[in-house]
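Reader: I would like to go through this model with you, one point at a time. Please give the reasoning before each result.

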There are 2 protein chains.
Amino acid sequence: MDLSRRYAETRDAQDPIGHFRTRFHIPDERLVYLDGNSLGRLPLTTRDRLRDAIEQEWGGELIRGWDRWIDLAGQVGDVIAEGVLGVGRGEVILSDSSTVNLFKLASAALDARPDRSVIVTDDDNFPTDRYVLEGLAKARGLRLRTVETDIDAGIDPARIAESLDDDVALVCLSHVAYRSGALADMVAITTAAHRVGALTLWDLCHSAGSVPVPLRESGADLAVGCTYKYLNAGPGAPAFLYVRAGLQTELRQPIWGWFGQRDQFAMGAGYDPVESIERFQVGTPPVLGVYAVLEGARITAEAGLPRLYAKSAELSQYAIRLGEGLDLASPADPARRGSHVTFHHPQAWQICQALKAQGVIPDFRTPQRLRLGLAPLYTRFVDVWDGMARLRDIIATGSYREFAAEPGRVT
Amino acid sequence: MDLSRRYAETRDAQDPIGHFRTRFHIPDERLVYLDGNSLGRLPLTTRDRLRDAIEQEWGGELIRGWDRWIDLAGQVGDVIAEGVLGVGRGEVILSDSSTVNLFKLASAALDARPDRSVIVTDDDNFPTDRYVLEGLAKARGLRLRTVETDIDAGIDPARIAESLDDDVALVCLSHVAYRSGALADMVAITTAAHRVGALTLWDLCHSAGSVPVPLRESGADLAVGCTYKYLNAGPGAPAFLYVRAGLQTELRQPIWGWFGQRDQFAMGAGYDPVESIERFQVGTPPVLGVYAVLEGARITAEAGLPRLYAKSAELSQYAIRLGEGLDLASPADPARRGSHVTFHHPQAWQICQALKAQGVIPDFRTPQRLRLGLAPLYTRFVDVWDGMARLRDIIATGSYREFAAEPGRVT
């Protein structure tokens, strides 16, 4: 492989989805942004849509805006279903945060397996997932069976399979590991879980918009995901949830809110949820956030997951090649990775600060890891080249040592 | 009382908070908007703040924006605490929707009274509140004791008191009734609940920003409220929750999310919630919505609840006076009302449509009720005069009969 910057420029010139970068608000072209897996960039259509939604719809139509907003969370769910996840209309809806959705769907799954007493997850699952499951297990007197996972290699499907028996109600895992980017084998694990009669709940926060998600192929039951990473919907934008069509009327989530109610505005006496994905809604949807997801998901759907995934694999392979000699803390095989790549270094925190000081934005993750998000919609090969060149220089010269060693807050 | 429009103009000229109307985006001055209790208007500072938050912070700072966003939900909670609710810093935080917050706090309260088996509410409580409590009662094998309330007169504190015994864990009621505007006696009810050792949870959706809320005076334990009504934070903006300082470490909410975790970014193994209001947070806060609440709450705090409540009482008394002969479906005494007033009419739905066709925006509520929200920050006496004049005319001429009789969706 040619390691010159010229080569990166050539790759960018040949990139079939390179022009999508022009669809984003990029005020500083010199900034090398390698954290789109924490917070995606602002699409221009989102900026415009939000301005209209704020001034014309909220400001001008006022309460009458609800005529168009009332079903928006489901309509945007359909865009994600068809354009991002490859599932059917009516199987995805926007609602709440990923954590609240995990709680709702995990509770619903446990209610559907009342005679079973075990929840399976892994010890490398994202903290909020582990905490939610821990809380549910405690509240219901269930056992949380936490399978050990190598934090760099990711989930071993054989280990998950070994943990399964007919007392397992629910298997809840992340599809792409938040730290290493390791991709879990959704098909193998879901098949194993179904073999013992357990339901599966997948966290797609680091998958949606970056990798194909085999919900349909695997027969996965439930999923949640966030929209502010690869779907570029802005900080704290509403999350989505997926419930396989055949399961929807069988499951009932625990927070009985009026946005799940049949004939909502009759304000009837008892809770009687609709027989569709809307029963997994709770309260009034955040309209501005829902619009931001609409625009972000549309761009993703337009680029298409095959092209996005192909480019993301090329970008991460390129980063790994340019980082040869560094301690890779992600699977080396691109077929086993999502769209970010992680390196281990004892001074990762300081290196992270040194990179920021040089206009490169990576992410730090405990323990001692530097995580590089390579969002394929707007990350260029030259961004990878520039970022890796500065990283190598910072490490080679030891210039990171002038930065404080104390870890701080990053999301 | 002088019933001429000139009188309304004079009252507007003398209104000590009349100038606050200029702080809002009002593209159509002819529109008579009497639904600010469903969706408040857009403040100009919110429009500007959101533009900056979208383009400069999200678009420009990207992930670095979290340095300023991470504690924003609590900072805005403090603005609501001090400027809107008259409670202390650290007692209020923004999080989720009102419904999700109701679920969280009701669950927490029930966990704190494990030997009690009854939840008390009333049959006129807002549907989502009733549904949440119904769901919790069912999941935990508790009884939901639903006290009968006159839908126009509001909650009778004596009836609530009669329903209480030492098996009651929680009393959950709305402070201002969503239909009639009737104000519940928070002090009397909380005192009675505490006498039997029950906790109280108040829904402040129709109170926050319109009436003084005696959380402190009553010793109320818990409260939730929405921000898109009188706090003018936009459709589906994040809700707030209140937990009395002395109770915070005693209670633990059921959705164990990473935004409640001590040393959140250590990503530690077990859930260990912080000892403060942040433990009632769950997932990543919706930053744009939180900023909108900040600006909306600031304007409310600047006008001040005493002036807002005084004006709201004057506006609703004026509407009732101009509506003499109509069937009032709200308490006649302004001291017993929030900031909206409701009339009963068998053809309320048609009248509602007829008013909209004439540029007056009221709200319809089952059964057969026309609800007029008189948000004191921007509603003028001439708005009330114009709205009521058209209402009287529509009823007198029977012109509403040309509109379809079928009720549709309104929030």
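Author: One definition comes before the rest: a residue is buried when its relative accessible area is under 20%, exposed when it is over 50%, and partly exposed in between. The model is a predicted one.

Reader: Is B:Asp96 buried or exposed?
Author: B:Asp96 sits in the loop between β2 (92–94) and α5 of chain B. Its relative accessible area is 17%, and the cut-off for burial is under 20%. B:Asp96 therefore counts as buried.

Reader: What is the phi of B:Asp96?
Author: B:Asp96 is a residue other than glycine, and its phi is positive. The value is near 55°.

Reader: Where does B:Leu62 lie, and is it buried or exposed?
Author: B:Leu62 is not a glycine, yet its phi is positive, at about 55°. Its place is the loop between α2 and α3 (66–69) of chain B. The relative accessibility is 1%, so B:Leu62 is classed as buried.

Reader: B:Arg51 lies in helix α2 of chain B. Is it buried, exposed or partly exposed?
Author: Helix α2, which holds B:Arg51, covers residues 44–61 of chain B. The partly exposed class lies between the cut-offs of 20% and 50%. B:Arg51 has a relative accessible area of 43%, so it is partly exposed.

Reader: How far apart are B:Arg51 and B:Arg30 in space?
Author: In sequence, B:Arg51 and B:Arg30 are separated by 21 residues. From C-alpha to C-alpha, the separation in space is 27 Å.

Reader: How many residues of α4(B) are buried?
Author: α4(B) reaches 18 Å from its first C-alpha to its last, close to the 20 Å expected. Its buried residues include B:Leu72, B:Val76, B:Ile80 and B:Leu85, and what covers them includes α3, β2, α10 and α11 of chain B. The helix is mostly covered, and of its 14 residues the buried number 10.

Reader: Which residue follows α4(B)?
Author: The residue that follows has a positive phi, near 65°. It is B:Gly86.

Reader: Which elements do the buried residues of α11(B) pack against?
Author: Helix α11 of chain B runs over residues 305–322 and spans 25 Å, close to the expected 26 Å. Among its buried residues are B:Leu308, B:Lys311, B:Leu315, B:Tyr318 and B:Leu322. In chain B, they pack against α1 (5–14), α4 (72–85), α10 (287–303), β9 (327–328), β10 (340–344) and α13 (381–397).

Reader: Which residues touch the most other members of the largest nonpolar core?
Author: In soluble globular proteins, nonpolar side chains tend to be buried together. The largest nonpolar core here has 228 residues. Beyond four places in sequence, A:Leu85 has contacts that include A:Ile80, A:Val92, A:Leu204 and A:Phe240. Those that touch the most other members are A:Leu85 and A:Leu170.

Reader: What is the volume of the largest pocket, and which elements line it?
Author: The largest pocket has a volume of about 760 Å³. Its lining has 32 residues, and those closest to the centre are A:Ala139, A:Arg140, B:Phe103, B:Ala139 and B:Arg140. By class, the lining has 16 nonpolar, six polar and 10 charged residues. The elements that give two or more residues are α5 (98–112) and α6 (127–140) of chain A, with α5 (98–112) and α6 (127–140) of chain B.

Reader: How many charged residues are in the lining of the second largest cavity?
Author: The structure holds nine cavities of 30 Å³ or more, and the second largest has a volume of about 160 Å³. Of its 22 lining residues, A:Pro286, A:Leu288, A:Gly289, B:Leu288 and B:Gly289 lie nearest the centre. At least two lining residues each come from α10 (287–303) of chain A and α10 of chain B. The lining divides into 16 nonpolar and six polar residues, and the charged ones number no residues.

Reader: Which residues does a cis peptide bond join in chain A, and which in chain B?
Author: In chain A, the proline lies in the loop between β12 (363–365) and β13 (369–373). B:Pro367 is found in the loop between β12 (363–365) and β13 (369–373) of chain B. Omega is about -10° for the bond in chain A and near -10° for the one in chain B. The joined residues are A:Thr366 and A:Pro367, and B:Thr366 and B:Pro367.

How values were computed:
Residues numbered from 1 in each chain as written. Chains lettered and ligands numbered in written order. Predicted model: local features only at pLDDT ≥ 70, side-chain atom pairs only at ≥ 80, totals over all residues. Heavy atoms only, no water. Helix = DSSP H or I, 4+ residues; strand = E, 2+ residues; numbered from the N terminus. Expected span 1.5 Å × (residues − 1). Buried < 20%, exposed > 50% of the residue type's maximum accessible area, 1.4 Å probe, protein only. Contact = heavy atoms within 4.5 Å. 1 Å grid on protein atoms, 1.4 Å probe; cavity = no way out; pocket = protein on both sides within 12 Å on 5 of 7 lines; lining within 4 Å. Points joined across faces, edges and corners; volume = space filled by probe spheres on them. Nonpolar A, V, L, I, M, F, W, Y, C, P; charged D, E, K, R; others polar. Core = buried A, V, L, I, M, F, W, Y, C linked by side-chain atoms within 4.5 Å.
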